Amino acid sequence: MAFVRVDIASRSQEQREAIIAGITDVMVDNGARLENVQVLLVEHSPKMWGTHGTTFHKHLGLPDD
C-alpha cells in the first residue's frame with residue numbers, strides 16, 4: 001500500500017489530474033501495485049503559505065482581493 005500526500009498551492013483540475021497520474025506512475029515504476037497507490041492533494045491558498053519571510057501570494061505578484 002502506498003499513500004502519498006502532497007501539499008501544494010491551488011491548481012486547475014487538469015493540473016491535479018496530471019500530478020496524481022505522475023505520482024502514481026513514479027510509485028508503480030518503483031514497485032507499488034497500481035491498485036494500492038493512493039494520492040491525496042492538499043491545496044493551500046498562496047496567501048496562507050510562504051517562504052523567505054513572505055507569502056507565495058506576494059512572490060507570485062498576485063493582486064490583493
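A single aromatic pair is present in the structure, which is a predicted model. The pair is formed by Trp49 and Phe56, whose ring centres lie 5.6 Å apart; the ring planes meet at 80°, so the arrangement is edge-to-face. Trp49 has a relative accessibility of 30% and therefore counts as partly exposed. Phe56 is likewise assigned to the partly exposed class, because its relative accessibility is 27%.

Phe56 also takes part in the surroundings of Pro46. With neighbours within four places in sequence left aside, Pro46 is in contact with Thr55, Phe56, His57, Leu60 and Leu62. Pro46 is situated in the loop that runs between S2 and strand S3, the latter comprising residues 50–51. Despite this loop position, Pro46 counts as buried, because its relative accessibility is 16% and the class is defined by values under 20%. Between Pro46 and Arg16, which are 30 residues apart in sequence, the C-alpha to C-alpha distance is 16 Å.

At the level of the whole chain, two helices and four strands are found. Their order along the sequence follows the pattern β-α-β-β-β-α. The radius of gyration is 15 Å, whereas the globule rule gives 11 Å for 65 residues; the computed value is well over that figure, so the chain is more spread out than a compact globule. The C-alpha trace spans about 45 × 25 × 15 Å along its principal axes. Of the 65 residues, 20% count as buried. The chain exposes about 4900 Å², of which 55% is supplied by carbon and sulfur atoms. When contacts between residues at least 6 apart in sequence are considered, 53% of them join residues at least 24 apart.

In soluble globular proteins, nonpolar side chains tend to be buried together. In the present model, the largest nonpolar core consists of eight residues, namely Ala2, Val4, Val6, Ile8, Ile23, Val37, Val39 and Leu41. Two elements give two or more residues to this core: strand S1, which covers residues 2–9, and strand S2, which covers residues 37–44. The greatest contribution comes from S1, with four residues.

Two members of the core illustrate how it is connected. Val6 is in contact with Ile23, Leu40, Leu41 and Val42, leaving aside its neighbours within four places in sequence. Leu41 belongs to strand S2 and is classed as buried because its relative accessible area is 17%. Under the same exclusion of sequence neighbours, the contacts of Leu41 are with Val6, Ile8, Arg16, Ile19 and Ile20. One of these partners, Ile8, lies 33 residues from Leu41 along the chain, yet the C-alpha atoms of the two residues are separated by 7.1 Å.

Side chains of opposite charge can pair when their charged atoms come close. Three salt bridges are present in the structure. One of them joins the side chains of Arg16 and Glu43, with an N to O distance of 2.7 Å. Arg16 is located in helix H1 (residues 13–29) and Glu43 in strand S2, so this salt bridge ties together parts of the chain that are 27 residues apart in sequence. Arg16 is partly exposed, as its relative accessible area is 23%, and Glu43 also counts as partly exposed, at 31% relative accessibility. Arg16 is, in addition, one of the residues in contact with the core member Leu41.

A further salt bridge is formed between Arg5 and Asp7, with the closest N and O atoms 3.0 Å apart. The two partners fall into separate accessibility classes: Arg5 counts as exposed, at 51% relative accessibility, while Asp7 counts as partly exposed, at 33%. The boundary that matters for Arg5 is the 50% limit, over which a residue is classed as exposed. The remaining salt bridge links Glu35 with Arg33, and here the closest N and O atoms are 2.5 Å apart. Both of these residues, Glu35 and Arg33, are exposed.

Note on methods
Residues numbered from 1 in each chain as written. Predicted model: local features only at pLDDT ≥ 70, side-chain atom pairs only at ≥ 80, totals over all residues. Heavy atoms only, no water. Phe/Tyr/Trp six-rings, centres within 6.5 Å; stacked < 30°, edge-to-face > 60°. Buried < 20%, exposed > 50% of the residue type's maximum accessible area, 1.4 Å probe, protein only. Core = buried A, V, L, I, M, F, W, Y, C linked by side-chain atoms within 4.5 Å. Contact = heavy atoms within 4.5 Å. Rg over C-alpha atoms; globule rule 2.2 N^0.38 Å. Areas by Shrake-Rupley, 256 points an atom, 1.4 Å probe, with all protein chains shown as cover. Salt bridge = Lys/Arg side-chain N within 4 Å of Asp/Glu carboxyl O.
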